[in-house]
Amino acid sequence: NIILPAAADAFFRETISTGRIDVLSRAVSTLNVRHARAGSEKDEDLIKRIILNNIGFDAVNQAVRSRLLDELTILFRELLMPQPS
């Protein structure tokens with residue numbers, strides 16, 4: 001599973017509630033792990049080097065987008081059909 005940071009979860013919920021699917025679509029389609037940050041510069045360099053030396057950024061971007069869409073679909077379903085408290 002992907003755990004969305006609170007800000008990303010709030011962005012998703014706000015975007016859906018205001019009907020701005022185009023904004024959400026653009027955010028997902030322009031996602032690029034080349035611009036991702038890690039907890040430390042050393043970790044970031046290592047992770048990006050591993051990506052470059054293996055399957056490459058394009059493949060990782062596609063995989064992340066796919067998993068993110070799966071998670072956003074689950075969140076969307078939860079918004080449409082909230083569970084009773």
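In which helix does N61 lie? In this predicted model, N61 is a residue of helix α4. Its relative accessible area is 2%, which is under the 20% limit, so N61 is classed as buried. Beyond the residues up to four places away in sequence, N61 touches L31, N32, V33 and R34.

The secondary structure of the chain consists of four helices and zero strands. Along the sequence, the helices give the pattern α-α-α-α. The chain has a radius of gyration of 15 Å, well over the 12 Å that the globule rule gives for 85 residues, and is therefore more spread out than a compact globule. Taken along the principal axes, the box filled by the C-alpha atoms is roughly 45 × 25 × 15 Å.

Burial and contacts were also computed for the chain as a whole. Of its 85 residues, 21% count as buried. The exposed area of the chain is about 6400 Å², and 59% of this area is supplied by carbon and sulfur atoms. Among contacts with a separation of 6 or more, 63% are accounted for by residues 24 or more positions apart.

The largest pocket holds about 190 Å³ of space. Helices α1 (6-17), α2 (21-29) and α4 (57-80) are the elements that each give two or more residues to the lining of this pocket. The lining is made up of 13 residues, and those nearest the centre of the pocket are L4, A8, F11, L68 and L72. By class, the lining of the largest pocket contains 13 nonpolar residues, no polar residues and no charged residues.

L4, one of the residues nearest the centre of the largest pocket, is placed in the segment before α1. With neighbours within four places in sequence left aside, the contacts of L4 are D9, L68, L72 and L75. Two of these partners, L68 and L72, are also listed among the residues nearest the pocket centre. The C-alpha atoms of L4 and I50 are 23 Å apart in space, and the two residues are 46 residues apart in sequence.

Two further residues were examined in the loop between α2 and α3. G39 lies in this loop, which precedes α3 (41-53). The relative accessibility of G39 is 84%, over the 50% limit, and G39 is therefore counted as exposed. Between the C-alpha atoms of G39 and N1 there is a separation of 20 Å, with the two residues 38 residues apart along the chain.

A36 is likewise placed in the loop between α2 and α3. Its relative accessibility is 36%, which falls between the limits of 20% and 50%, so A36 counts as partly exposed. When its neighbours within four places in sequence are left aside, A36 is in contact with E44 and K48. A36 and R49 are 13 residues apart along the chain, and their C-alpha atoms are separated by 13 Å.

Notes: Residues are numbered from 1 along each chain as its sequence is written. This is a predicted model: local features need pLDDT of at least 70, side-chain atom pairs count only at pLDDT 80 or more; totals for chains, interfaces and linings use all residues. Side-chain values use heavy atoms; hydrogens and water are left out. On a 1 Å grid over the protein atoms alone, a cavity is a set of points where a 1.4 Å probe fits but cannot get out, and a pocket is an open set with protein on both sides within 12 Å along at least five of seven lines; lining residues have an atom within 4 Å of a point. Grid points are joined across faces, edges and corners, and a volume is the space filled by probe spheres set on the points. Ala, Val, Leu, Ile, Met, Phe, Trp, Tyr, Cys and Pro count as nonpolar, Asp, Glu, Lys and Arg as charged, and the others, Gly among them, as polar. The radius of gyration is taken over C-alpha atoms; the globule rule is 2.2 Å times the number of residues to the power 0.38. Buried means under 20% relative accessible area, exposed over 50%, partly exposed in between (1.4 Å probe, protein chains only). Contact means heavy atoms within 4.5 Å. Accessible areas come from the Shrake-Rupley method with a 1.4 Å probe; for residues, only the protein chains shown count as cover.
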